[in-house]
Amino acid sequence: MASAELLQTLGNKYSAEILDATDEPISAQDLSDELEIPIATCYRRIDELTEHDLLELHDNILSDDRRRIKVYRRNVDEVRVGFDDGLSVHVEERSEVTNKLDEAWRTLSDR
Amino acid sequence: MIQLTKTGIDGLDEILNGGIVKDSTTLISGNPGAGKSILCLQYIYNGVEKFDEKGIYLSFEENQKDLRQAAESIGFDKWPEYVENGDIKVYDKQVLLRENDFSSSLEILLDDLEDDEYDRLVLDSLAMFQLFFESEKEKRTYLLKLTDILRENGLTTLMTNEQGAVFPETEIGLENYLTDGNIYLIQTPTDSGVSRYIWVAKMRKQNTETDIYPMEIDWGGIKVHQNASAFSMMSEEESPI
């Protein structure tokens, strides 16, 4: 079932660390370096988290050597797990206000 | 050469040595009733009337009608006309605080900012804006991002802040460090009413007069008097006004 699957994804090794580190958009390579995660695992976790909307592909930015690189940002502020009426997992998404300001601010640096 | 934005307020531009640095953000602090909103109204109104600069007025504190009445009460008769023809764009509390809808207001606002049509902006008040953020860290981060956005879009901004003057003990909020300038409005009660003062405490990139100056609020708005007083909260008998 979906809730259990979500918890499973969150519980995988490095998932929590990745979400913690993606307050600001960051590339898979930087995540891998910063958190010392093997790059293949890093990509796998990013895929899983993205699939569950916990993480989002934020942008394709131009790297210093003019390659396009994908940067990811977490899409969640809080996760609540309840057992009262059966297992429930509530995901509190990041506030739209902060999202919009982040986006407007990000486009400034692109100019 | 630093470009300056004139407030058009009698006496204030002189203290500021010409005006506020263009594209900067200045915090206007003071107790309730100290004149923060009037100063802001006047800044936006003068922009249109005297300098041909359009303004945006964001108010979490008042609605459209309150603002109009406040403007008219000090003789800014053309306020409704300027709002009508778009020289002044007002986002009032009814718009901004529509339930769960600040983010859509924000989206419209951000579009307006990118239009390059406006030169002046007022945010009344910073405290209300900060309610949309959860932690202190988030408040600071997004205040900085907002000031960046405003600067890059060529807006010279005043933000109001409910905070008394800082003598003698100080508890200066972080927002004071995050903005480019700080102006305090001070009012002290007297037998006959109230004495008002203005203090330009900080202006980045600018030499300003740091004395405390008496001011009054009357028909026509705020007037700042040039004869700096030896400031004393205690004895108001020899008010220099």
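# A tour of chains A and B

Start by selecting chain A and following it from the N terminus: the order of elements is α-α-β-α-α-β-β-β-β-α. That amounts to 5 helices and 5 strands. The model on screen is predicted. Turn chain A along its principal axes, and its C-alpha trace spans about 50 × 35 × 20 Å. Colour chain A by burial next: of its 111 residues, 16% are buried. Among the contacts of chain A with a separation of 6 or more, 42% join residues 24 or more positions apart.

**The interface**

Now show both chains and select the residues that touch across them. Chain A contributes 9 residues, in contact with 14 residues of chain B. On the chain A side, these divide into 5 nonpolar, 2 polar and 2 charged residues.

**Chain B as a whole**

Hide chain A and keep chain B. Here there are 9 helices and 11 strands. Burial takes in 40% of the 241 residues of chain B. Of the contacts in chain B with a separation of 6 or more, 68% are between residues 24 or more positions apart.

**The sheet**

Select the strands of chain B. An open sheet is built from 9 strands in the order 5-4-6-7-3-8-9-10-11, with mixed pairing. To find its edges, pick strand 5 (88–91) and strand 11 (221–224) of chain B, each of which pairs on one side only. Averaged over the sheet and ignoring direction, neighbouring strands are turned by 20° against each other.

**Strand 6 and its neighbours**

Move to strand 6 (120–124) of chain B. How many of the residues of strand 6 are buried? The count is 5 of 5, so the strand is mostly covered by the cut-off of 20 or more other C-beta atoms within 10 Å. In a regular strand, side chains alternate between the two faces of the sheet. Show the side chains of strand 6 of chain B: B:Arg120, B:Val122 and B:Asp124 point one way, while B:Leu121 and B:Leu123 point the other way, and all are buried.

Add the strands on either side. Strand 4 (residues 55–59) of chain B pairs with strand 6 of chain B in the parallel sense, over 5 bridges. Strand 7 (residues 156–162) of chain B also pairs with strand 6 of chain B in the parallel sense, over 4 bridges. B:Val122 is a useful residue to centre on. Its bridge partner in one direction is B:Tyr57, and in strand 7 of chain B its partner is B:Leu158.

Step to the end of strand 6. The peptide bond from B:Asp124 to B:Ser125 is cis, with omega near 5°. B:Ser125 belongs to the loop between strand 6 and helix 7 (126–130) of chain B.

**Strands 9 and 10**

Go on to strand 9 (residues 193–203) and strand 10 (residues 212–218) of chain B, which run antiparallel and are joined by 4 bridges. Label B:Ile198 and look across to strand 10 of chain B, where B:Tyr213 stands opposite.

The loop between strand 9 and strand 10 of chain B holds B:Lys205. Its phi is positive, near 65°, and the residue is not a glycine. Is B:Lys205 buried or exposed? B:Lys205 is exposed, because 9 other C-beta atoms lie within 10 Å and the class applies at 12 or fewer.

**A second loop with positive phi**

Select B:Asp23, in the loop between strand 2 (20–21) and strand 3 (25–30) of chain B. B:Asp23, likewise not a glycine, has a positive phi of about 70°. B:Asp23 has 18 C-beta neighbours inside 10 Å and therefore counts as partly exposed.

**Helix 2**

Finish with helix 2 (residues 36–51) of chain B. At 1.5 Å a residue, its 16 residues should span 22 Å, and the end C-alpha atoms, 21 Å apart, agree with that. Look along the helix for a bend of about 30° at B:Tyr45. Colour helix 2 of chain B by burial: 13 of its 16 residues are buried, so the helix is mostly covered by the cut-off of 20 or more other C-beta atoms within 10 Å. The last stop is B:Asp52, which follows helix 2 of chain B and has a positive phi near 55°.

Definitions and conventions: Residues are numbered from 1 along each chain as its sequence is written. Chains are lettered from A and ligands numbered from 1 in the order in which they are written. This is a predicted model: local features need pLDDT of at least 70, side-chain atom pairs count only at pLDDT 80 or more; totals for chains, interfaces and linings use all residues. Two residues are in contact if their C-beta atoms, placed from the backbone, lie within 7 Å. Ala, Val, Leu, Ile, Met, Phe, Trp, Tyr, Cys and Pro count as nonpolar, Asp, Glu, Lys and Arg as charged, and the others, Gly among them, as polar. Two strands pair if DSSP finds at least two bridges between them. Helices (H or I, at least four residues) and strands (E, at least two) are DSSP runs, numbered from the N terminus. Axes are lines fitted to C-alpha atoms, for helices over the stretch in contact, and angles run from 0 to 180 degrees between N-to-C directions. The expected span of a helix is 1.5 Å times one less than its number of residues. The bend at a residue is the angle between axes fitted to the seven residues ending there and the seven starting there.
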